[in-house]
Structure formats: structure tokens, C-alpha cells
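Hi,

Here is the structure I promised to send over. Have a look at it first, and then read on for my notes.

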Amino acid sequence: MPVVKRLHPHKAPGPDNITDKMIQELQPSGLTILLYILNATLRLEYWPTNYKLARVIMVPKHAKPPTDVNSYRPISLLPITSKILERLLLHRLGTDVRSHDWIPEHQFGFRKAHTTIQQCHRLADNINQALEAREYCTAVFLDISQAFDKVWHPGLLLKITRTLLPSYHNILISYLQQRRLMVAYNTVLSKPIRMSSGVPHGSVLGPFLYAFSRRTSRNTPVLS
């Protein structure tokens with residue numbers, strides 16, 4: 001599978017301790033079995049429970065007090081097989097979902113071929129046009145703290161149900177519901193904690209789902 005060839009062999013494993021290198025070194029028969037399992041998951045529209053568990057590593061920030069919870073940067077580690085499955089699903093979504101129907105042209109975040117430099121050029125061009133036309137040019141800047149953690153699941157699931165085909169919204173609902181995480185610090189590992197909001201950090205589908213949660217209402221659905 002091309003997805004397996006693009007895996008990074010030095011990345012840390014998820015809770016199941018299966019590494020990228022282990023997947024890459026599978027024999028063709030092993031990859032065939034893995035592909036069969038992943039295709040069955042997409043066909044049944046059900047995300048396995050083991051794929052919805054993340055191990056969160058707490059990395060201390062430089063020169064910060066160790067007793068303050070804000071002094072640590074969490075890094076979420078997911079099962080590599082889950083991330084492979086996410087890439088396969090995202091590829092299908094990218095083929096079927098017409099992003100221009102629900103993403104405004106002025107949104108550049110989480111879009112291919114849309115960089116920060118291009119966004120700066122767009123803003124500078126708008127300002128220059130307003131100055132040349134002797135018009136007022138106003139701007140509002142919002143900084144959303146912990147944006148990925150605050151995605152409201154009921155609202156996101158409602159948009160998914162109303163917008164995508166049942167074959168997509170069933171598996172995405174299964175993907176989001178009953179997700180859990182375990183916090184690891186040194187040799188200590190917490191009990192699984194249920195996630196009631198947000199999209200998974202370190203996931204492949206996370207940026208897509210976050211952008212989808214920002215989708216504005218349209219009369220025409222993305223898929224019909």
C-alpha cells in the first residue's frame with residue numbers, strides 16, 4: 001500500500017506499541033491481511049474500539065514550574081493502524097466531498113495549496129484596494145484557545161449527518177464517539193479518560209473534522 005511506504009519509521013508508537021517500522025516490514029501476506037481488516041472496517045462503517053484509545057505524553061516546557069499543569073505540552077499518540085485507516089478514509093472523502101461547497105474561499109487553514117504567505121498577500125491586497133478606493137478597511141482577529149479540544153460533538157455530528165452520505169456519517173460518528181485517552185508521565189499511566197468534546201490530536205482526520213465543524217450552513221448539501 002502506498003500509505004505504508006510513506007510511514008515514518010522513527011515515530012513513537014501508540015498504546016498498542018506497534019511501530020511504523022513494524023508495519024513496513026510486514027510480509028506481503030501480512031499487508032494483505034491488514035488491508036482486508038481495514039476494508040472490512042470501512043465496509044461495516046464501524047471504527048474499532050482499540051483504535052479510539054490515545055496515549056498522551058506530557059512534555060515539560062522550558063523554564064516552566066513543574067507543579068503547574070500549563071507547564072506541559074501534551075503529545076497524543078494513536079495506533080498506527082488507526083492512522084493508516086484514517087488516511088484511506090480521508091482519501092475517499094477528498095475524492096467525493098467538494099470542499100469549495102462548504103469552505104469559504106477566504107479560509108486557508110487545513111486546505112491544500114493554501115499557505116500563510118498567500119493569506120497575507122490576500123489581506124494586503126484587500127487593504128491596498130480599500131486605500132485606493134478611499135474606503136474604510138476593518139479587520140477582526142480572533143485567537144481560539146485550544147480550538148481542537150473545544151469542538152462540540154453534537155453540532156459536528158449534526159453537520160456530518162445532514163451533509164455527507166450515510167456511508168460516511170455512520171463511520172465518522174463511530175470514529176468520534178466513545179474515544180478515550182490515557183495520560184503518561186514518566187512510568188505512570190492514568191486510567192482511560194473519556195473524551196466528550198474535541199477532535200483527536202495527532203490524528204489524520206482531526207484537521208478535516210475541525211474545518212468541517214466550522215462549516216457554515218448552505219442550502220445545497222455537499223453530497224446528495
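Let me start with Lys-5, which sits in helix 1. Keep in mind that this is a predicted model. Lys-5 counts as exposed because its relative accessible area is 71%, over the 50% cut-off. Its C-alpha atom is separated by 29 Å from that of Val-59, and the two residues are 54 apart along the chain.

For the opposite case, go to Ser-82 in helix 4. Ser-82 has a relative accessible area of 0%, so this residue is buried. If you leave aside neighbours within four places in sequence, Ser-82 is in contact with Trp-47 and Tyr-51.

Trp-47 turns up again with another residue of interest, Leu-89. Once residues up to four places away in sequence are set aside, Leu-89 touches Trp-47 along with Leu-42, Tyr-168, Ile-171, Leu-172 and Leu-205. And which residues touch the most other members of the largest nonpolar core? Leu-89 is one of them, together with Leu-209. That core has 34 residues. Helix 1 (2–5), helix 3 (28–44), helix 4, helix 6, helix 7 and helix 8 (206–213) each supply at least two of its residues. As background, nonpolar side chains tend to be buried together in soluble globular proteins.

Now for the helix packing, where I looked at two pairs that share helix 7.

The pair of helix 4 (residues 80–96) and helix 7 (residues 166–176) packs at an angle of about 145 degrees, and the axes are 12 Å apart. The crossing of helix 4 past helix 7 is left-handed. On the helix 4 side, the contact is made by Glu-86, Leu-89, Arg-92, Leu-93 and Asp-96; helix 7 brings in Tyr-168, Ile-171, Leu-172 and Tyr-175. Sorted by class, this contact has six nonpolar and three charged residues, with no polar ones. Three of the names should look familiar: Tyr-168, Ile-171 and Leu-172 are also among the residues that Leu-89 touches.

The other pair is helix 6 (residues 153–163) with helix 7, packed at about 165 degrees with axes 9 Å apart. Helix 6 is therefore roughly antiparallel to helix 7, as angles over 145 degrees count that way. Here the crossing is right-handed. Helix 6 makes the contact through His-153, Leu-156, Leu-157, Ile-160 and Thr-161, while His-169, Leu-172, Ile-173 and Leu-176 take part from helix 7. By class there are six nonpolar and three polar residues in the contact of helix 6 with helix 7, and no charged ones. Leu-172 is worth a click, by the way: this residue takes part in the contact with helix 4 and in the contact with helix 6.

Last, a couple of backbone details. Which residues other than glycine have a positive phi? Glu-45 is one, with phi near 60 degrees. Glu-45 lies in the loop between helix 3 and strand 1 (53–60) and counts as partly exposed because its relative accessibility is 24%. Asn-186 also has a positive phi, about 55 degrees, without being a glycine. You will find Asn-186 in the loop between strand 3 (180–185) and strand 4 (188–189). With a relative accessibility of 69%, Asn-186 counts as exposed.

Cheers

How values were computed:
Residues are numbered from 1 along each chain as its sequence is written. This is a predicted model: local features need pLDDT of at least 70, side-chain atom pairs count only at pLDDT 80 or more; totals for chains, interfaces and linings use all residues. Side-chain values use heavy atoms; hydrogens and water are left out. Axes are lines fitted to C-alpha atoms, for helices over the stretch in contact, and angles run from 0 to 180 degrees between N-to-C directions. Helices (H or I, at least four residues) and strands (E, at least two) are DSSP runs, numbered from the N terminus. A crossing is left-handed if the near helix is turned anticlockwise from the far one by less than a right angle, and right-handed if clockwise. Contact means heavy atoms within 4.5 Å. Ala, Val, Leu, Ile, Met, Phe, Trp, Tyr, Cys and Pro count as nonpolar, Asp, Glu, Lys and Arg as charged, and the others, Gly among them, as polar. Angles under 35 degrees count as roughly parallel, over 145 as roughly antiparallel, 65 to 115 as roughly perpendicular and the rest as oblique. A nonpolar core is a set of buried Ala, Val, Leu, Ile, Met, Phe, Trp, Tyr and Cys residues joined through side-chain atoms within 4.5 Å. Buried means under 20% relative accessible area, exposed over 50%, partly exposed in between (1.4 Å probe, protein chains only).
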